[in-house]
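Reader: Could you walk me through this structure? I'd like to take it one question at a time.

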Amino acid sequence: GGTAPAFLVSFEVRKPEGVLGLLELGPLRSTQRVVWGRSPDCDVVAEHGSISRQHAAVSVDRSGAVFVTDLQSGHGTKVGDMWIKPNAPRQLQPGQAVSLGASTRSYKLLAVERA
């Protein structure tokens, strides 16, 4: 095969008081990553005091599995209730949610589709 497959990744964004909306990323290839953080040049800008300038990255592999990596953030990244290790990609299963630092906003993986 010549080109790597691309995927569309969708997350449900929610806070304790309810769903805020949908975040759709992609089309993403396995060579790309989506950076979340406070810096304006991040792909997903998250405004919260506990979020680092470059906090976490989301990527896919060639099979469409989704991974989240903490970029040595100051206040950490959680998958569900578990803090993940910095720089160690953690696979996200559909239905699992990512949260950044002390922010109450979470991003629940809904679906991954071939683009």
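## Strands, a sheet and a few odd backbone spots

Author: Happy to, and let's begin with a single pairing: A56 has D70 in β6 as its bridge partner. Keep in mind that this is a predicted model.

Reader: In which sense do β5 and β6 pair?
Author: The A56 to D70 bridge sits at this pairing. Strand β5 covers residues 56–60 and strand β6 covers residues 66–70. Over 5 bridges, the sense of their pairing is antiparallel.

Reader: Which strands are at the edges of the open sheet?
Author: The open sheet has 5 strands with mixed pairing, in the order β4-β3-β5-β6-β9. An edge strand here pairs on one side only. That description fits β4 (44–45) and β9 (90–92).

Reader: How many helices and strands are there in the chain?
Author: Going from the N terminus, the elements run β-β-β-β-β-β-β-β-β-β-β. The count is 0 helices and 11 strands.

Reader: Why is the chain said to be as compact as a globular protein of that length?
Author: The globule rule gives 13 Å for 115 residues. The chain comes close to that value, so it is as compact as a globular protein of that length: its radius of gyration is 13 Å.

Reader: What share of the residues counts as buried?
Author: To count here, a residue needs under 20% relative accessible area. Of the 115 residues in the chain, the share that passes is 45%.

Reader: Where is the cis peptide bond, and which strand holds P27?
Author: The cis bond runs from G26 to P27, with omega near 0°. P27 has its place in residues 18–28, which is strand β2.

Reader: Is Q72 buried or exposed?
Author: Q72 is found in the loop between β6 and β7 (77–79). Its phi is near 55°, a positive value in a residue other than glycine. The relative accessible area of Q72 is 58%, and the cut-off is over 50%, so Q72 is exposed.

Reader: What about N87: how does its relative accessible area class it?
Author: N87 also isn't a glycine, and it has a positive phi of about 60°. Its place is in the loop between β8 (82–83) and β9. With a relative accessible area of 46%, N87 is partly exposed.

Reader: Last one: how far apart are the centres of the positive and negative side chains?
Author: The chain has 13 positive and 10 negative side chains. Taking the centre of each set, the distance between the two is 4 Å.

Technical notes: Residues numbered from 1 in each chain as written. Predicted model: local features only at pLDDT ≥ 70, side-chain atom pairs only at ≥ 80, totals over all residues. Heavy atoms only, no water. Pairing = 2+ DSSP bridges. Helix = DSSP H or I, 4+ residues; strand = E, 2+ residues; numbered from the N terminus. Rg over C-alpha atoms; globule rule 2.2 N^0.38 Å. Buried < 20%, exposed > 50% of the residue type's maximum accessible area, 1.4 Å probe, protein only. Lys, Arg positive; Asp, Glu negative; His and termini not counted. Charge placed at Lys NZ, Arg CZ, Asp CG, Glu CD.
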